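Q: I'd like to go through this structure with you before I head back to the bench. Could you start with whatever term I'll need, and then take my questions as they come?

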Amino acid sequence: MNLNKDTAKKTAELLLKIKAIKLQPSDPFTWASGWKSPIYCDNRTTLSFPTIRTYLRQELSKIVEDKYGKVDVIAGVATGAIAIGVLVAEELGIPFVYVRPEAKKHGRQNQVEGMLESGSNVVVIEDLISTGKSSLNAVKALKEANATVKGMIAIFSYGFELADKNFEDANLELTTLSNYDALLEQAVDTSYISEKELVTLNDWRNNPSTWNQ
């Protein structure tokens, strides 16, 4: 996974500032999967803050241009990355599509929504990477629609080893603006968390499925 350290810390700072990411080691959240977690991330919160929304749009767009040059289409993963994906496509002046978790059961039964021509070079935008499973499901749908997926760019990743393996197995390059390590570094530097809480947060990342059972 690729990362620019300065961008990573700045992004982490902004996400903490607006509580898009919340750290609660002593009062864990429960994820939809049933996992107990000391962290909760909802990057849709960024859409309510124009300056932060602009920062993310510009940084994501810059990575697209620097890494992949001119691409044909930006694809957002539903639902969390639809809005930020549209912003990136608008910044670059290129078409946008989004990918549902599964095909619709009615109408045209699309999984990829929008105009996607066969052979298009696509970069996928994601808001958050946990295991990578849903993100790579979107990539699979795009490939089945005969698109060439150049890579994926996300706002934040929890940095799970499982995600690294999933992306490696899929032979897909992942770049993120920030990740869990950068977040913890920023949180310690600004006294957002204590050294004791840091230990708890590291323990969770190492064993997220069994932590705090």
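A: A term to settle at the start is the helix, which here is a DSSP run of H or I with at least four residues, while a strand is a run of E with at least two, and both are numbered from the N terminus. With that in hand, Ser135 can be placed in helix H4. Please keep in mind throughout that this is a predicted model.

Q: OK, and is Ser135 buried or exposed?
A: Ser135 counts as buried, because its relative accessible area is 2% and the cut-off for buried is under 20%.

Q: What does Ser135 touch, not counting residues up to four places away in sequence?
A: Apart from those neighbours, Ser135 touches Glu126, Leu128, Ile129, Met152 and Phe167.

Q: How far apart are Ser135 and Ile193 in space?
A: From C-alpha to C-alpha the two are 30 Å apart, and in sequence 58 residues separate Ser135 from Ile193.

Q: Switching to pockets: how much space lies in the largest pocket?
A: The largest pocket holds about 690 Å³ of space. Its lining is made up of 30 residues, and those nearest the centre are Arg44, Asp127, Leu128, Ser130 and Ser134.

Q: Which elements give two or more residues to that lining?
A: They are strand S4 (39–41), strand S8 (121–129) and helix H4 (133–144). Of the elements, H4 gives the most to the lining of the largest pocket, namely five residues.

Q: And by class, what does the lining of the largest pocket have?
A: There are 13 nonpolar, eleven polar and six charged residues in the lining of the largest pocket.

Q: How many cavities of 30 Å³ or more turn up in the whole structure?
A: The search finds one, and the volume of the largest cavity is about 30 Å³.

Q: Which residues line the largest cavity?
A: The lining consists of Asn43, Arg44, Leu47, Gly80, Ile84, Asp127 and Ile155, and by class these residues divide into three nonpolar, two polar and two charged. Arg44 and Asp127, which belong to this cavity lining, are also among the residues nearest the centre of the largest pocket.

Q: Let's go to Ile74. Where does it lie?
A: Ile74 is part of strand S5, which covers residues 73–77. Ile74 counts as buried because its relative accessibility is 0%.

Q: What is Ile74 in contact with, leaving aside neighbours within four places in sequence?
A: The partners of Ile74 are Val64, Gly85, Val88, Ala89, Leu92, Ile94, Pro95, Phe96, Val97, Val123 and Ile125. For one of these, Val88, the C-alpha to C-alpha distance from Ile74 is 7.5 Å, with the two positions 14 residues apart in sequence.

Q: And Thr7, buried or exposed?
A: Thr7 is buried, because its relative accessible area of 15% falls below the 20% limit for that class. Thr7 lies in helix H1 (residues 5–17), and once its neighbours within four places in sequence are set aside, its contacts are Tyr55, Glu59 and Leu177.

Q: I'd like to check the backbone too. Where is there a cis peptide bond?
A: A cis bond joins Ala78 and Thr79, with omega at about -5°. Thr79 has its place in the loop between S5 and helix H3 (82–92).

Q: Why pick that out?
A: Most peptide bonds are trans, and most residues other than glycine have a negative phi.

Q: So which residue has phi near 70°?
A: That is Asn146, whose phi is positive although the residue is not glycine, and Asn146 is found in the loop between H4 and strand S9 (148–157). Ser191 also has a positive phi, near 60°, and sits in the loop between helix H6 (180–189) and helix H7 (195–206). Ser191 counts as exposed because its relative accessibility is 62%, where the class requires over 50%.

Q: Last topic, the whole chain. How many helices and strands does it have?
A: The chain has seven helices and ten strands, and 47% of its 213 residues count as buried. Among contacts with a separation of 6 or more, 64% come from residues 24 or more positions apart.

Q: What about the radius of gyration?
A: The chain has a radius of gyration of 17 Å, which agrees with the value near 17 Å that a compact globule of 213 residues would have. Along the principal axes, the C-alpha atoms fill a box of roughly 55 × 35 × 30 Å.

How values were computed: Residues numbered from 1 in each chain as written. Predicted model: local features only at pLDDT ≥ 70, side-chain atom pairs only at ≥ 80, totals over all residues. Heavy atoms only, no water. 1 Å grid on protein atoms, 1.4 Å probe; cavity = no way out; pocket = protein on both sides within 12 Å on 5 of 7 lines; lining within 4 Å. Points joined across faces, edges and corners; volume = space filled by probe spheres on them. Nonpolar A, V, L, I, M, F, W, Y, C, P; charged D, E, K, R; others polar. Rg over C-alpha atoms; globule rule 2.2 N^0.38 Å. Buried < 20%, exposed > 50% of the residue type's maximum accessible area, 1.4 Å probe, protein only. Contact = heavy atoms within 4.5 Å.
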